[in-house]
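Work through the two exercises below with the sequence and coordinates at hand. Each task is followed by a solution in steps.

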Amino acid sequence: MSGLLITGARVLGRDAADLLIEDGRIVEVGRIAPSPGVVVIDADGLVALPGLVDLHTHLREPGREDAETIASGSGAAAAGGFTAIFAMANTDPVTDTAEAAERVRDLGRTCGLVDVVPVGAVTMGLRGERLAELGLMARSRAGVRVFSDDGRCVADGRIMRRALEYIKPFGGVVSQHAQDPRLADSSACCHEGEISGRLGLPGWPGVAEEAIVARDVMLARYTGSRVHVAHVSTAGTVEVIRWAKARGIAVTAEVTPHHLALTTDLLVGYDPVYKVNPPLRPQEDVEALRDALVDGTIDAVATDHAPHARHDKDHTFVDAAFGMLGLETALPVVSDLLVRTDRLGWADVARIMSANPARIGGLPGQGRPLVAGEPANLTLVDPDRPVTVDAAASRSRSRNNPWHGRTFTGAVHTTIHRGRVTHRIDSTAHATEAEYAQ
Amino acid sequence: MNRHLISSADLTRHDVESILTTAESMHDVQRREVKKVPTLRGRTVINFFFEDSTRTRSSFEIAGKWMSADTINLSAKGSSASKGESLRDTALTVDAMAVDALVIRHNASGAARQVSEWVRCSVINAGDGTHEHPTQALLDAYTLRSRMGDLDGKHVAIVGDLTHSRVFRSNIITLHTLGAHVTVVAPPTLMPAGVREWSESDGFATSWDLDAVVDGDAPVDAMMMLRVQRERMTGGYFPTPREYTVGYGLTGERLARLVARNPDVLVMHPGPMNRGLEIAAEVADAPQSVVLDQVSAGVAVRMAVLYHLLAGETAESVEPVTQGAQA
């Protein structure tokens with residue numbers, strides 16, 4: 001008899017239990033005696049969570065395989081405790097057809113480390129002019145449900161309205177990169193405020209994000225469709241979302257670990273590793289984002305993992321590429337910032353990093369409770385183990401890691417995707433071929 | 001003093017005063033028939049200009065030459081930068097030639113700081129985007145000091161496109177370091193982001209009303225007019241040049257009011273001037289104008305900066321330099 005037995009894991013941080021996994025499913029939860037042939041993972045002291053789901057990943061394949069591939073990004077995701085990731089559409093070519101979406105999905109299947117779920121572009125070529133083939137992408141075997149021009153804002157109100165109306169029959173959602181391009185200089189590269197004023201860098205004011213979110217929630221109300229706000233970065237946006245949710249408008253929102261932890265003050269040395277879009281904001285915004293995540297105004301943590309080749313980052317601040325890595329550090333950051341400070345429990349982490357993103361993205365087999373009969377997507381976390389981030393040790397192809405050298409408490413110990421171990425901490429020391437063969 | 005001069009904030013009051021004192025000696029060199037001192041013989045200074053410049057580049061070049069350094073001018077057009085080489089590679093390439101100082105002008109804010117982290121040689125910021133231009137602030141301070149002595153308690157108004165001005169950003173620091181009171185004046189659209197918090201923490205005043213400053217309680221000792229680029233209009237920063245001049249230009253009439261309050265008032269402009277826009281032609285040529293003094297101070301101040309960074313000595317030991325020149 002084959003199978004995987006996890007012993008003594010604290011499910012969602014609560015009472016310890018054993019979980020038996022067979023044929024990709026959880027078949028039993030409780031006190032289970034190991035039977036011959038079963039591989040045992042001793043999870044004493046570890047927390048079991050449903051496998052993490054990332055609504056916002058950039059994999060760069062096709063087009064920029066020097067920065068990341070579906071394989072390398074899948075590896076980083078598994079190392080970060082993820083069992084499903086949404087791959088943004090801003091590749092080259094753009095994911096704006098059924099064929100392109102199927103290819104991303106199939107390459108993800110071939111790697112087999114996580115479910116790679118393609119996000120479809122809202123507009124052809126992300127140009128913001130006419131709708132991409134939203135329906136064909138939805139009908140394809142990729143089953144696209146999340147549409148986004150991420151990297152760019154769907155700025156034209158008329159296009160946004162039509163997209164929201166058009167996706168209703170297949171239950172789609174538009175993930176909006178909210179940023180009015182007319183409210184900032186075209187070379188904007190940071191938060192507009194005292195720091196940008198002192199540094200002489202052109203910035204985006206918070207209102208460039210807030211004005212689009214305000215428009216979009218009204219469009220969601222008018223069309224009765226779903227809008228999702230990607231990477232919320234300001235306190236003003238939180239206020240708008242809170243207002244909209246109180247009125248029953250179908251809006252959801254995500255926040256990145258970096259917007260929860262890093263502030264615009266880091267820009268004083270002009271290090272492009274901190275250049276990201278939307279930009280790092282002041283401490284007041286960071287506090288408001290944490291509060292909004294805790295009180296449920298913001299539904300999910302999403303990484304916006306954005307790998308870049310070194311030669312695209314080694315430039316002057318205004319010229320360097322936007323974005324930072326995030327898959328491998330998301331859980332340690334959330335653990336350190338919100339769980340260790342008692343603002344969230346592990347059940348909350350399961351909600352914001354697994355159940356909610358799976359629900360928003362329409363993934364039926366992810367973000368499920370850890371009970372018998374459910375797919376075996378789960379993550380074991382060592383809540384007390386410190387992790388010191390080493391950019392060079394990443395499974396990503398890129399090294400634009402803003403967390404390098406920082407230490408967090410809370411480590412991803414083991415990741416199990418569809419019943420198969422895809423990551424083990426200290427894997428060289430402890431993992432056996434038998435485990436990986438499951 | 002630091003190995004580099006990236007920001008005016010790198011300089012303490014003692015540093016600024018040492019440089020300005022050295023610059024006075026250098027100014028004497030400038031007035032001689034044979035304008036050469038051997039101080040930097042055998043040293044190499046690269047003037048790397050990624051952005052067009054006439055006065056800054058030529059004054060750095062002259063400063064290096066009069067101090068007997070080997071000076072080489074590189075511009076982005078003639079360099080690998082125009083072939084797509086990254087700033088880092090370009091900087092490392094120049095550094096690998098074992099030069100002593102890199103004077104850099106770049107259109108990107110922060111470029112000089114980044115380069116200083118990559119190279120072994122001294123880096124002097126000759127203007128980085130809309131960030132800083134520390135030697136301009138030094139030459140402005142030199143010009144002011146040579147006319148009015150100690151700047152403690154003096155009132156300087158800086159007027160114009162503050163958002164896009166590196167001259168403003170360096171001057172606000174150096175003038176504060178020397179004890180002057182500064183009022184910055186601009187329409188709200190040309191005030192930098194966050195200027196309220198900034199002015200509160202750094203101790204300068206802001207105003208949207210030039211006339212209120214001209215006629216205000218604190219008489220102005222120096223008016224520093226900043227260049228307003230006509231292309232700012234297309235960004236919607238102000239409606240027309242005519243309206244800008246009426247609101248924020250230093251007209252003959254405003255100068256007369258300034259002189260009535262303070263006969264010793266000085267008019268400054270870092271150049272190049274838009275006569276008729278931010279400064280009236282008759283004001284630029286008025287006796288109160290020290291615009292050409294600023295240019296002349298540029299060479300002496302840059303000699304002093306090179307001296308302090310490369311010769312690594314204090315102002316007190318400057319005497320042998322000029323004696324050496326006489327020998």
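**Exercise 1.** In this predicted model, determine how strand S6 of chain B is paired with S7(B) and in what direction the two strands run, then place S6(B) among its other neighbours.

Solution.
- Start with S7 (residues 205-207) of chain B: three bridges connect this strand to S6(B), and the two run parallel.
- At residue level, Val184(B) has Thr206(B) as its bridge partner in S7(B).
- Trace the connection: from S6(B) the chain passes through helix H7 (residues 195-202) of chain B to S7(B), a right-handed β-α-β crossover.
- Turn to S5 (residues 155-159) of chain B, which is joined to S6(B) by five bridges, again in a parallel arrangement.
- Here Val184(B) of S6(B) lies opposite Ile158(B).
- S5(B) and S6(B), together with helix H6 (residues 166-177) of chain B, form a right-handed β-α-β unit.
- Finally, check the cover of S6 (residues 181-185): four of its five residues are buried.

**Exercise 2.** Compare the end-to-end distance of helix H12 of chain A with its expected span, then describe the bend, cover and C-terminal side of H12(A).

Solution.
- H12 (residues 346-361) of chain A has 16 residues; at 1.5 Å a residue, with the span taken as 1.5 Å times one less than the number of residues, H12(A) should cover 22 Å.
- The end C-alpha atoms of H12(A) are 21 Å apart, which agrees with that expectation.
- At Ile352(A), H12(A) bends by about 35 degrees.
- As for cover, 13 of the 16 residues of H12(A) are buried.
- Gly362(A), just after H12(A), has a positive phi of about 70 degrees.

Notes. Residues are numbered from 1 along each chain as its sequence is written. Chains are lettered from A and ligands numbered from 1 in the order in which they are written. This is a predicted model: local features need pLDDT of at least 70, side-chain atom pairs count only at pLDDT 80 or more; totals for chains, interfaces and linings use all residues. A residue is buried if 20 or more other C-beta atoms lie within 10 Å of its own, exposed if 12 or fewer, and partly exposed in between; C-beta atoms are placed from the backbone. Two strands pair if DSSP finds at least two bridges between them. A crossover is right-handed if, with the strands pointing away from the viewer, the path from the first strand over the helix to the second runs clockwise. The bend at a residue is the angle between axes fitted to the seven residues ending there and the seven starting there.
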